[in-house]
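Q: Please take a close look at one part of this model, then work outward from there. I am a first-year student, so explain each term when it comes up.

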Amino acid sequence: MDPTRIELHHHDVDGRGPPTFDWPITAGYCRVIAAAFGVPLYFSWRSLETTEGSLATVGGRSNPGTRLHFPQVTGDLRLRWCSSVAKIDVMRSMICNSPRFLGKRTLVVTGERAEESPARARYATFEPHRIDTRSGTRGRRHVDHWRPIHGLEEGQVWNLLRRYGVVPHVAYQLGFGHVSCMHCIFASPNQLATIRWMAPKRFETIAEYERHFGCTVKRDAPIHAVADRGGPYPAALARPDLVELALSEHWSPAIRTSPERWRLPAGAFGDATGPG
Ligand code: SF4
């Protein structure tokens, strides 16, 4: 397929504000991936980058909500509101507010896998997207949603990266088995211990929110106590250069390599907590 007919979209969880939840390097990783494959890249949060290069703001109130609670650690997206507010609704708003999708056929491609959770196992591999209006009387948009790796096992996904020589996100190389938000509410004790060791100030920001809200991310303990139950990944302890890369905004190493030189990252088949 002509790469110019493909767009890469990244939902910027921190919305260009101070780094709080997401990996600082993730936007930079997306940029080099898009450049390597020759596809345009758009970022979106409560604002959207348009094809004309401007910013559009969609949805929400002018004053931010102040419920002072973390999203709940549950598969229920109504209570785990971060996934919908920071990702799913952002994609929906982007398509609904872009006239260029009207009268066109669009395929939204995402990477959920059934193996990741019982909730994800129930997702369809192919279905009309929730904002599809192909049967409407006006403003028709034909939008389908395809999850091409839904039925793949983890090893098959790594084999795809090896085949195309794609260097995995640095968090996998540091030992994380699942790359989601850096401070994902589902983070395991080992993940939290690693983040606390790597970025103590960032970690303390979340701990301070817990004290301020009078409510912890995990139901049973503050994040410091959860981190105390685990330990930093050896791969992270051994590679200060990768830690520096993970906490930077620009991806400087090569993003493609040959299948022969490609290496399975330390986090593969490991601690894969979190829905992404
Ligand atoms: S990765 Fe974790 S914290 Fe981020 S949106 Fe998903 S569930 Fe929420």
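Which residue stands opposite Y42 in β2?

A: The residue opposite Y42 in β2 is H9. The model is a predicted one, in which local features need pLDDT of at least 70 and side-chain atom pairs count only at pLDDT 80 or more, while totals for chains, interfaces and linings use all residues. Residues are numbered from 1 along each chain as its sequence is written, and side-chain values use heavy atoms, with hydrogens and water left out.

Start with the strands around Y42. Strands (E, at least two residues) and helices (H or I, at least four) are DSSP runs, numbered from the N terminus. Strands of a sheet pair through backbone hydrogen bonds, in either a parallel or an antiparallel way. Here β1 and β2 are parallel, with 4 bridges between them; two strands count as paired if DSSP finds at least two bridges. Besides the place of H9 opposite Y42, H11 stands opposite S44 in β2. Between the two strands the chain passes through α1, and this β-α-β crossover is right-handed, a word used if the path from the first strand over the helix to the second runs clockwise with the strands pointing away from the viewer.

Strand β2 covers residues 41–44, and its side chains point two ways: L41 and F43 to one, Y42 and S44 to the other. All of these residues are buried, that is, under 20% relative accessible area, where over 50% is exposed and in between is partly exposed (1.4 Å probe, protein chains only). The ring of Y42 also has a charged neighbour: R100 lies over its face, 5.7 Å from the ring centre. A charge sits over a ring if NZ of Lys or CZ of Arg is within 6 Å of the ring centre and within 35 degrees of the ring normal. R196 has such a place too, with its charged end over the ring of F203 at 5.7 Å from the centre.

Now the rings. The whole structure has 7 aromatic pairs. Rings of Phe, Tyr and Trp (its six-membered ring) pair if their centres lie within 6.5 Å; planes under 30 degrees apart are stacked, over 60 edge-to-face and the rest tilted. W23 and F176 have ring centres 5.1 Å apart and planes at 90°, so this pair is edge-to-face. W23 is in the loop between β1 (8–11) and α1 (26–37), and F176 in the loop between α5 (170–173) and α6 (189–198), so the pair ties together parts 153 residues apart in sequence. Both W23 and F176 are buried. Y29 and W251 also pair edge-to-face, at 4.9 Å between centres and 65° between planes. This pair, too, links distant parts of the chain, as Y29 belongs to helix α1 and W251 to the segment after α10 (240–246), 222 residues away. Y29 has a relative accessible area of 12% and is therefore buried; W251, at 8%, is buried as well. Ring pairs also join W23, F176 and Y233 into a cluster.

Elsewhere there is an open sheet of 3 strands in the order β5-β7-β6, with mixed pairing. Its edge strands, each paired on one side only, are β5 (105–109) and β6 (126–128). On average, neighbouring strands of this sheet are turned by 25° against each other, direction ignored; axes are lines fitted to C-alpha atoms (for helices over the stretch in contact), and angles run from 0 to 180 degrees between N-to-C directions. β5 runs parallel to β7 (residues 142–146), and 5 bridges join them. V108 has H145 of β7 as its bridge partner.

Last come the salt bridges, 14 in the structure. A salt bridge is a side-chain nitrogen of Lys or Arg within 4 Å of a carboxyl oxygen of Asp or Glu. In the bridge between E116 and R120 the closest N and O atoms are 2.6 Å apart. E116 is partly exposed at 27% relative accessibility, while R120 is buried at 12%. R134 and D132 form another bridge, at 2.9 Å between the closest N and O atoms. Of these two residues, R134 is partly exposed at 29% and D132 is buried at 19%. E208 and R211 meet at 3.1 Å, N to O. Both lie in helix α7 (residues 200–213), 3 residues apart, which is about one turn of the helix. Salt bridges with shared partners join D89, R92 and R130 into one network.
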